[in-house]
Amino acid sequence: MTDAELIRRCDTVFPGHRARPPAEMYAAMASWCEQHGVEHDVYGSGELIRAFEDKVAALLGFEAAVFCISGTMAQVTALRLACADRGNAPAALHPTSHIFVHERSNYQMLGHFDALQVGERTRPWSVADLEPVPAPLGAVGLEIPMREIGGQVTSWEELEKIKAHCKARAIHLHMDGARLWEAQAGYGRSACDIAAGFDSVYVSLYKGIGGLGGAMLLGSRAFVERAAEWFRRQGGNVIHRSPYVVSAAMQFDARLAAMPDYFRRTELLYDALRAHPAIRVNPARPAANMLHLHLPVSRERALAIRTELAERHGIWLFNRISHGVLQGTSYFELYVGDNLLAVSETRLREAVAIVASKLK
């Protein structure tokens, strides 16, 4: 059976939100459009998209926001403009930055900006990572939370110091906020409080929100308008943004309201995992509703266990898994969303115990 067929057989699905089939998703979008009298935007001009951009900007305390077809385009554009404004000084990025890990060297190949790897790969930034950098910096790009190290965050005290450090040196501070909404519960602060002091922020419209795709870039009105022009130059000027905006806007408020519940379910999962030390968790305590689970078996064995769990126990443990640093180990990323929220506490603890038994 395919993975999709196996998942449909499972009553306990650990990762993410339930995948809505296209027919269901499009029907919900059509109903929402009819209810709200939605008309297509034309090249980004229209009431729906303008109102949604204004809503997101207000939530995060910025003058303006602009839709972008992808976070990849939004981030390199923001950093390109920031560095160009400062004599093409380089941008400082964590070694696990999405730009380094997932974007095929676009910042180099397309001549966007120069970048420095700053800090240790396995730890979130502190201001001490930035202070020794000898060269003037055009920008600092900080991911909150940091996906590649299990959703860890820079501590609030260090985050405030980084903001002050950049402000004192006129360095543009940019946030990769693809999962910013998820970081609120761990910090115990609003997204607006977290974003305060940043010069620009990118947020995703599909990751935790569940839209079809797309992103928002936020900043001053002048900065956002310049970025929008660069989106057009880079081929991002699609004629209708409305499918992406509708798919995000129609569930935006509900997803944000559910974030505290996702975090509480993540805390429950951590508690259940304490009884099974063979499964190692990163970070040591939750900072957002995401984590990495490290398994004492090879990737190939983990995939076989996943199939057995699905076929015999109705448990779907992960979607993708990677080789661990140590031989004979593996790890996977887990985003806690609607799927795990729908599982009772009793069943969750039972499922964790079954998983642990298969790893022995």
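## Strands, helices and unusual backbone angles

Author: Ala64, Val66 and Cys68 point one way from β2, Ala65 and Phe67 point the other way, and all are buried. Please keep in mind, as we go, that this is a predicted model.

Reader: Happy to. What makes strand β2 count as largely enclosed by the rest of the structure?

Author: The count of its buried residues does. A residue is called buried when its relative accessible area is under 20%. In β2 (residues 64-68), 5 of the 5 residues are buried, so the strand is largely enclosed by the rest of the structure.

Reader: And how do you know that β2 and strand β8 pair?

Author: Pairing needs at least two bridges between the strands. β2 and β8 (residues 215-219) are joined by 5 bridges and run antiparallel, so the cut-off of at least two is met. One example is Phe67, whose bridge partner in β8 is Met216.

Reader: Let's go to the open sheet. Which strands are its edge strands, and what makes them so?

Author: The sheet has 4 strands in the order β9-β10-β13-β12, with antiparallel pairing. Its edge strands are β9 (280-282) and β12 (322-323), each of which pairs on one side only.

Reader: How do you know that β10 pairs with β13, and how many bridges does β10 form with β9?

Author: Again, at least two bridges are required. Strands β10 (residues 290-295) and β13 (residues 330-335) share 6 bridges in the antiparallel sense, while β9 and β10, also antiparallel, share 3. You can check residue by residue: Met290 stands opposite Tyr335 in β13, His294 has Tyr331 of β13 as its bridge partner, and Val281 is matched with Leu293 in β10.

Reader: Why is β10 called largely enclosed?

Author: Because 5 of its 6 residues are buried, β10 is largely enclosed by the rest of the structure.

Reader: Now the helices. Why is α4 called oblique to α11?

Author: α4 and helix α11 (residues 221-233) pack at an angle of about 120 degrees, with their axes 10 Å apart. Roughly perpendicular stops at 115 degrees and roughly antiparallel needs over 145, so an angle between those limits is oblique. That makes α4 oblique to α11. The crossing is right-handed. The contact brings together Met73, Ala74, Thr77, Ala78, Arg80, Leu81 and Ala82 of α4 with Phe223, Arg226, Ala227, Trp230 and Phe231 of α11. By class, the contact residues are 9 nonpolar, 1 polar and 2 charged.

Reader: And what makes α13 oblique to α15?

Author: Helix α13 (residues 299-313) meets helix α15 (residues 345-358) at an angle of about 135 degrees, and their axes are 10 Å apart. That angle makes α13 oblique to α15, because roughly antiparallel would need over 145 degrees. α13 passes α15 in a right-handed crossing. Arg301, Ile305, Glu308, Leu309 and His313 of α13 meet Arg347, Ile354, Val355 and Lys358 of α15. The residues of this contact divide into 4 nonpolar, 1 polar and 4 charged.

Reader: On to the backbone. What makes the phi of Asn88 worth pointing out?

Author: Most residues other than glycine have a negative phi. Asn88, a residue other than glycine, has a positive phi near 60 degrees. Asn88 sits in the loop between α4 (71-84) and β3 (91-93). Ala170 likewise has a positive phi, of about 55 degrees, although it is not a glycine, and lies in the loop between α8 and β6 (172-176).

Reader: Are these two buried or exposed, and how do you know?

Author: Exposed requires over 50% relative accessible area. Asn88 is at 55%, so it counts as exposed, and Ala170, at 53%, counts as exposed too.

Reader: Which residue just after α9 takes a positive phi, and which residues of α9 are buried?

Author: That is Gly188, with a phi of about 70 degrees. In α9 (residues 180-187), the buried residues are Leu180, Trp181, Glu182, Ala183 and Tyr187.

Reader: Finally, where are the cis peptide bonds of Pro145 and Pro283?

Author: Most peptide bonds are trans. Ile144 and Pro145 are joined by a cis bond with omega about -15 degrees, and Pro145 is found in the loop between β5 (139-143) and α8 (156-168). Asn282 and Pro283 are also joined by a cis bond, with omega about 5 degrees, and Pro283 is found in the loop between β9 and β10.

Key. Residues are numbered from 1 along each chain as its sequence is written. This is a predicted model: local features need pLDDT of at least 70, side-chain atom pairs count only at pLDDT 80 or more; totals for chains, interfaces and linings use all residues. Side-chain values use heavy atoms; hydrogens and water are left out. Helices (H or I, at least four residues) and strands (E, at least two) are DSSP runs, numbered from the N terminus. Buried means under 20% relative accessible area, exposed over 50%, partly exposed in between (1.4 Å probe, protein chains only). Axes are lines fitted to C-alpha atoms, for helices over the stretch in contact, and angles run from 0 to 180 degrees between N-to-C directions. Angles under 35 degrees count as roughly parallel, over 145 as roughly antiparallel, 65 to 115 as roughly perpendicular and the rest as oblique. A crossing is left-handed if the near helix is turned anticlockwise from the far one by less than a right angle, and right-handed if clockwise. Contact means heavy atoms within 4.5 Å. Ala, Val, Leu, Ile, Met, Phe, Trp, Tyr, Cys and Pro count as nonpolar, Asp, Glu, Lys and Arg as charged, and the others, Gly among them, as polar.
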